[in-house]
Amino acid sequence: DSDSPGTRATAADPQRQQQARHAAQHGASAAQLSRGQGASAPAMVSTSFVPLRHGTQTIGVAEIVLDQSASAVTTAQSFRRAALLAGLAMALCIAAAATLVRQRARQEQRLHTRASFLAEHDVLTGALNHSHFSRRLEQACRHSNGRRNSNGDSQSVSALAQRMLARLAEPHDLPGLSEAVHISACVGAALHGVDGTDAGSLLHNAELALLRAKSNGRSGWSFYDASLDRRLQERRALAHDLSQALSQGWLRLHFQPLYGDAGHTLTGYEALARWPHPSRGFVPPAEFIPVAEDNGQIEALGRWVLDAACHEAASWPAPLSVAVNLSAAQFRRGDAIVGEVAAALAASGLAPQRLELEITESLLINHTQQVLATLQALRGLGVRIAMDDFGTGYSSLAYLWRFPFDKLKIDRALTQGLGSDARVDAVVRSIVTLAHSLSIKVNAEGVETAAQRDALCQHGCDELQGYLLGRPMPADRLVHRENEVVVVLETA
Ligand code: C2E
Ligand code: CA
Ligand code: CA
């Protein structure tokens with residue numbers, strides 16, 4: 001045994017004796033860490049028993065005791081630091097996991113909210129969609145039934161409508177556009193308890209009010225009014241029937257003769273659309289043309305008129321011409337009308353100079369440049385362009401010098417004023433002089449009396465048209481001969 005800096009092995013320390021014996025018997029050293037014992041011993045020691053050999057014989061066991069206090073402190077500190085770091089890392093992991101779970105829950109909630117929003121709202125405008133609006137309206141009706149509205153509500157509804165329109169009328173800045181966008185809107189309103197008590201009739205009546213608001217102008221609002229809206233309902237029914245008439249080929253053309261040479265020489269005919277309705281009788285074009293214009297049917301109708309008129313005129317002796325009325329709505333699709341006219345001429349084989357297109361001033365009020373270009377292109381086909389109804393609308397002279405019209409048609413309101421008011425005669429004379437100075441021919445419409453015919457010839461009109469000279473007639477009743485002042489009654 002060797003002395004240690006701390007203690008010696010004694011009988012009272014059987015554990016150490018056993019370790020020493022173990023080292024001596026097995027020739028192996030062993031070390032262990034333990035607290036120092038005794039007042040003068042270091043706080044922490046490592047003890048090892050090393051067998052001492054001489055040859056193959058074990059002659060003793062040395063007990064080596066090393067002071068491990070400093071390293072124990074370092075170890076303890078490192079352990080504490082490591083434990084602290086491990087704790088922190090674990091806390092961070094738990095916090096991160098919790099945040100992730102919370103974020104995912106929030107995202108799911110957002111997706112859910114978005115999905116329910118999309119199910120109930122219009123994607124573009126964010127307003128309630130039709131089906132959800134109807135449900136909410138039904139709920140509101142059930143809730144309000146029994147509590148009838150008062151004037152008070154109509155005032156608040158009109159105030160709301162005006163506020164909405166004012167807000168929408170403000171210029172809107174849109175991303176990617178350098179200029180502010182201006183939009184307009186129309187509002188149609190029906191009052192619960194006054195114009196209906198269930199969602200269906202309220203919606204229907206509000207839509208009728210909306211149609212009326214729209215027909216009144218670009219922006220405005222309107223309440224349902226049973227008497228006024230009945231007229232709109234009729235227009236809807238007419239539009240429905242017109243679609244059927246167009247698809248079934250029920251429309252017809254009548255032709256009214258045009259006479260030159262002081263009303264003697266037949267120059268051609270104006271094609272006028274006729275609609276023999278199965279229950280309403282003949283619907284006048286003044287009624288169904290505006291309906292067709294409002295409902296987008298004018299394009300199909302216009303194409304049909306062009307084709308049918310050119311086809312008919314191709315069978316007349318040359319140089320008799322046909323005049324076809326074009327609605328301003330037919331110019332909405334840019335110069336598509338040019339292709340349609342060319343197609344009608346090609347299909348019928350009619351020479352372009354035998355086709356005359358009648359337009360009204362209303363066409364030139366908007367989009368003048370584009371319309372003038374389209375008119376030039378039409379004229380480029382070789383057809384003639386006439387200004388219809390001159391003297392009733394704006395009669396702006398600017399239109400006359402900005403486009404080389406071939407003909408100007410004096411409206412029948414002026415014709416009918418001749419003889420009774422000297423100023424009308426002066427106006428007609430001036431129109432004729434002005435037109436002739438611009439190399440434009442003049443037609444006078446609505447000639448019903450010999451006195452009107454004579455006055456118009458005296459004022460220098462080139463062409464006459466009216467019941468006195470001939471009514472519009474179906475193609476099979478046309479007699480292509482010089483005028484003998486024969487009045488033919490228009491028949492169904
Ligand atoms: P509009 O182009 O001014 O056609 C002349 C209208 O005056 C025709 O009415 C004709 O029947 C009528 N009229 C002719 N002579 C006399 C007369 O001596 N006295 C009276 N009181 N009336 C006379 P209609 O056929 O009822 O056509 C009315 C309007 O409907 C036409 O006026 C034209 O603007 C439009 N329209 C007719 N057919 C078509 C068409 O195919 N396309 C387009 N876009 N409009 C058409
Ligand atoms: Ca006309
Ligand atoms: Ca006319």
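A residue is regarded as buried when its relative accessible area is under 20%. In the predicted model described here, Glu445 has a relative accessible area of 10% and is therefore buried. Asp389, by contrast, is partly exposed at 28%. Both residues belong to the coordination site of a calcium ion.

The calcium ion designated ligand 3 is coordinated by Asp388 and Asp389 through OD atoms and by Glu445 through two OE entries, at 2.1 to 2.4 Å. Along the chain, these donors follow the spacing D-D-x55-E. Distant parts of the chain are thereby linked, with Asp389 lying in strand E11 and Glu445, 56 residues apart from it, in the loop between strand E13 (441-444) and helix H15 (450-458). A calcium ion is also present as ligand 2, at 3.9 Å from ligand 3, and Asp388 coordinates both ions.

Glu445 also takes part in the surroundings of ligand 1, where one of its polar side-chain atoms lies 3.4 Å from an oxygen atom of the ligand. A polar side-chain atom of Glu270 is placed 3.1 Å from an oxygen atom of ligand 1, and one of Glu448 is 2.5 Å from a nitrogen atom of ligand 1. Of the 790 Å² of accessible area that ligand 1 has on its own, 83% is covered by the protein.

The shell around ligand 1 contains 21 residues, of which Gln256, Arg274, Arg412, Glu448 and Tyr467 come nearest. By class, 9 of the shell residues are nonpolar, 5 polar and 7 charged. At least two residues each are supplied by strand E7 (265-277), helix H7 (285-294) and strand E11 (384-390); the largest share, 4 residues, comes from E7.

Across the whole structure, 17 salt bridges were found. Glu270 and Glu445 are joined with Glu358 and Lys409 in a network of such bridges. Elsewhere, Glu299 and Arg333 form a salt bridge whose closest N and O atoms are 3.0 Å apart. This pair connects distant parts of the chain, since Glu299 is in helix H8 (residues 298-313) and Arg333, 34 residues apart from it, is in the loop between strand E9 (321-325) and helix H9 (336-348). Both partners are partly exposed, Glu299 at 23% relative accessibility and Arg333 at 41%.

Two further salt bridges have partners in different accessibility classes. Arg453 and Asp454 approach to 3.2 Å between their closest N and O atoms; Arg453 is buried at 18%, whereas Asp454 is partly exposed at 41%. Asp421 and Arg423 meet at 3.5 Å, N to O, with Asp421 partly exposed at 26% and Arg423 exposed at 64%.

How values were computed
Residues numbered from 1 in each chain as written. Chains lettered and ligands numbered in written order. Predicted model: local features only at pLDDT ≥ 70, side-chain atom pairs only at ≥ 80, totals over all residues. Heavy atoms only, no water. Near = heavy atom within 4 Å. Polar contact = N/O pair within 3.5 Å; in protein donor to acceptor, adjacent residues only side chain to side chain. Areas by Shrake-Rupley, 256 points an atom, 1.4 Å probe, with all protein chains shown as cover. Nonpolar A, V, L, I, M, F, W, Y, C, P; charged D, E, K, R; others polar. Donors = N, O, S within 2.8 Å, 3.2 Å for Na, K, Ca; no water. Buried < 20%, exposed > 50% of the residue type's maximum accessible area, 1.4 Å probe, protein only. Salt bridge = Lys/Arg side-chain N within 4 Å of Asp/Glu carboxyl O.
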